[in-house]
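Please open the model in a viewer and keep the selection tool at hand. The tour below proposes what to select at each stop and describes what is found there.

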Amino acid sequence: MTLVSDTQAAVVHPKPQSARFTVSVPAVVLWTVILFLCLTPFLLVLAISFGQKIEGASWEWAFTFANYERVFVGANWPEEFTALYLQRLYYSLFYAVIAALLAILTAFPFTYLMTRLSRRAQSAWLVFILSSLSLSEVFIVMGWDVLLSNRSGLPMVFKETGLTDWLKANGYFETMREWGLANPRNVKFKTSVFATVLTMAYLVWPYAVILLYPPLSRLDRSMIEASQTMGAGPWTVMRTVILPTMRLPLLGATLLLFVFLLGVYVAVTVFAEPAKQTMAVSVYEAVRGNTLNAPFGSAQAVVLLCTAAIFLVAGQWISRKSAP
Amino acid sequence: MQALELSGIYKNFGSVRAVESSNLTFAAGELTALLGPSGCGKTTLLRMIAGLEEPSGGSILLGGRDITGLAAHQRKFGMVFQNFALFPHLSVRENVVYALVISGVSKTEAMETGNRLLDLVQLSGYGDRRIGELSGGQRQRVAIARALAQEPEVFLLDEPMSALDAKLREDMQVELRLLQQRLGITTVVVTHDQREAMTMADKIVVMSQGRVEQVGPPHQIYHRPENAFVADFIGKANFFDGVIEKGGIRVGSVLLQAQAAANFLNGSPVRVACRPETPCFFQRDAAGTSLKSKVTFVRDVGAVRDIHLETEIGRMIVEYARGETDHDFRIGQELSIVLPADGLHVFPRAEQAVA
Amino acid sequence: MILRVISHVFMALSAVMLALPIVVVSGAALNSGRSMFFPPREPTLDRFYEFFVSEPVWVNAMTNSIIVAFCSAALAVLLAWPLAYGLWARGSRASKFLAGLGSMPFALPPIVFGVGLGFLWSFTGVLGSLWAGVVSHAALFVALPVVTISIGLQSIDRAHLDAAATLGATRTVAFRTVILPQTLPYTVSGFFFALVLSFNEFIVMFFVSASSYATVTLQIFNSLRNGYTPTMAVAAITFITVSIVVFAAIARWGDLPRLMGAEPAKN
């Protein structure tokens, strides 16, 4: 009798079992492992951000807001207001926003064109793009470092081809100096905002393609053809059909790239001027660098995390509002 | 072979009753067709027989033994699915002997059975192909062979012809019926195609909105429909609404003679159904009601012609088979037809509320 | 017509831009001196010998990279299977929450996760062990196999499971004979996605290794202040080659467009 009822419960067809809550040993193990590995690290960072540093040693548990105070108004507040870390946060946002937009704007037409190719050609492109995507930040920075460094790469190309002289002759050189893209003798790209943003945009460009690929490849072709039969040219189709339907995926992809870029470290340390470093860099410096102040680093990590979370939640909210 | 019996079986999906409480018997060795429009609950009924869907109440008996509590894998009724559900990662032969392999039959024995079954469905030599290399008809044969490999007590088919093109469908219906008769296996086929049901079935179960409307052999279902739904769904019919009057049926200004009218009380509202092949042209002496009519359209489909008529009691379509004496029909032509008194089906009709 | 030309030019330019730093790095690996020049001066293949054979620092780092990448990818797949299966079979709030939790480390800035893992391992006393590094990368990249396996599970026709049941397969047998073989390509893809990304990751590894060992990318990261050397460029070539081989293999034996979210191919 029990055998029958047991097997009856074991219906092969998997069904949604929302009401019934079953606890099994494997499930408990899985929950424990995932909670331990994927949640506790973040909780620890949060907890330690309220701790305090012991001079010359490590740190101890506490419940103080001093670390956050230091991030937002400086260590000597209220006597003195310093915006050093707010500035870092500002640069984090600044680089991330520009690089994310740059990547999306160039990746969007590219991905659109790619989805119109044959499936074989798409596969080949995807192999290329995924290889570039998975390539470590250290290698990408290495490549751009060689390309942009003053002794080789682009500045040399500018000089050899006479482009530098041409720029000088036409007065553009002065403008470039004003923007920090030239020294008295030749153009220079290291260190500059330009180099930082370029490398960061390059870093996330393959991600942008991968994120835009699903919605663009699922775009209903007959919709485009329908608007063509009604007399819409390529630009009108783009403006009236493709862009409106892609609004949400574009927003979502931009936000994800932005969050990814908040955490970029190597590109910033190599290409950004010392005064224009980001919060990710100072997290690293506080936790493992010269200062060795784990609680302060944690507090900055929490601020970074909250910034990311705010943007992700805002994106969710916008997409939910504009969804029909 | 054993008979399959459903007793008081019903199924709810949430608050929706998908299958009303039904009692059905599927005789041993017979082929029964569950026939009805989509969403009528026929597939749910079949899935309950297979054990893929748990009935909300009632019981399923196989040869008198209650099998309601058995899961699908314990019943092991072979089933052919709508899109065949062949495993793409296995070869044709591996698909066919799947049931044998997982139940631990030795490799050589499984191999032999597999080849024998492929012979049976005329696919010998295809054993090592991949499923993707087969045509629709071949896939169906593999699905049939796979379901039969375990020598099931009941053979179930869910819309087995729907994935085939029209011409192949007709051939496969005959082939499947011959195979089933040869094996003498109790079989249930779900279909929405009345032609398919009538080609293959010993018995047809007509269903609509979760209810069993009529059960019977094909000719009975066609010639003696028990209600207006069956008359409409099986074959074609012209319908007229009327009221019983003096042993006949009053439709508008005409009093139709109908033998079936005798079963109703005077004044009861009825619906009359008339098959397109029933009315007679040019036979004024036939027993029945003569109607004046005008041809509005002629559809010539070869063997027969459908004549669309505007008659005294409304529009109707009448079939005219090309006989020895061919007749010409022209649009606008006036002619009279006779509705034979024994050829009209009469069903009770719910009185519509009059405002 | 003009639009077509512009399209082709744009795609070609994108390809050039994408390949440019990679080409430059590959060229720089041929330098004979200690500095990175492009084009290379006095081209030589000595740096390859150094990287793969003669320099213990790089050989050890490569060994660590391989161990961490393979083990963490395997572990990530093992963790991902129950997560993806729970999502597919139950789709309950709890399983969605758990899968969301599993993909959190990948979605948020890795530097924060790295700092957190550093704390976690130092509390549990295993900071700096290679196995802590393996587990860390498994947690970081578990999201990838979850995604690919989920795509694989969704592509299974539920009628196949019904068919297996009517042929006598219990739930376990159907899992072994229908679900596992049909999702195998997706599982393997997930494994290799995790493998390649783990191979290239260094920030999290930096925090959990506590300088007691280094993978190749971490070794390069650690010597960043001293500038790049041509030997590092050899590493770059090796890594890009591994990526291309892996993804080309996935494209060859799996359906890469589908994995990346295109609609299933019509056959």
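A residue is called buried at under 20% relative accessible area, exposed at over 50%, and partly exposed in between, using a 1.4 Å probe and protein chains only. Helices (H or I, at least four residues) and strands (E, at least two) are DSSP runs, numbered from the N terminus. The model is predicted: local features need pLDDT of at least 70, side-chain atom pairs count only at pLDDT 80 or more, and totals for chains, interfaces and linings use all residues. Residues are numbered from 1 along each chain as its sequence is written, chains are lettered from A and ligands numbered from 1 in the order in which they are written, and side-chain values use heavy atoms, with hydrogens and water left out.

**First stop: chain A**

Select helix H14, residues 279-288 of chain A. This helix is mostly covered, with 8 of its 10 residues buried. The buried residues are Met279(A), Ala280(A), Val281(A), Ser282(A), Val283(A), Tyr284(A), Ala286(A) and Val287(A).

Now select Ser282(A) alone; its relative accessibility is 3%, so Ser282(A) counts as buried. Which residues is Ser282(A) in contact with, leaving aside its neighbours within four places in sequence? They are Tyr85(A), Arg88(A) and Gln300(A), where contact means heavy atoms within 4.5 Å.

**Second stop: chain B**

Begin with strand E1 (residues 4-13) and strand E2 (residues 16-26) of chain B, which run antiparallel and are joined by 7 bridges. Two strands pair if DSSP finds at least two bridges between them. Select Leu4(B) to find its bridge partner in E2(B), Phe26(B). The hairpin of E1(B) and E2(B) has 2 residues between the strands, and Gly14(B) there takes a positive phi near 65°.

Next, show the open sheet of 6 strands in chain B, whose order is E6-E7-E8-E3-E9-E10 with mixed pairing. Strand E6 (78-80) and strand E10 (211-216) of chain B stand at the edges with a single partner strand each, so one side of each has no neighbour in the sheet. From one strand to the next, the twist averages 15°.

At one edge, E6(B) pairs with strand E7 (residues 154-158) of chain B in the parallel sense over 3 bridges. Within this pairing, Leu157(B) in E7(B) is the bridge partner of Val80(B). Add helix H6 (residues 136-148) of chain B, which packs on the sheet and touches E6 and E7 of chain B; its direction makes about 165° with that of E6(B). Helix H1 (residues 42-50) of chain B lies across strands E3 (31-35), E6, E7, E8 (186-191) and E9 (203-208) of chain B, running at about 150° to E7(B). Axes are lines fitted to C-alpha atoms, for helices over the stretch in contact, and angles run from 0 to 180 degrees between N-to-C directions.

**Third stop: chain C**

How many helices and strands are there in chain C? There are 13 helices and 0 strands. The C-alpha trace of chain C spans about 70 × 65 × 30 Å along its principal axes. Of the 267 residues in chain C, 59% are buried.

Finally, select helix H3 (residues 56-89) and helix H9 (residues 171-200) of chain C, whose axes come within 8 Å and cross at roughly 140°. H3(C) is therefore oblique to H9(C); angles under 35 degrees count as roughly parallel, over 145 as roughly antiparallel, 65 to 115 as roughly perpendicular and the rest as oblique.
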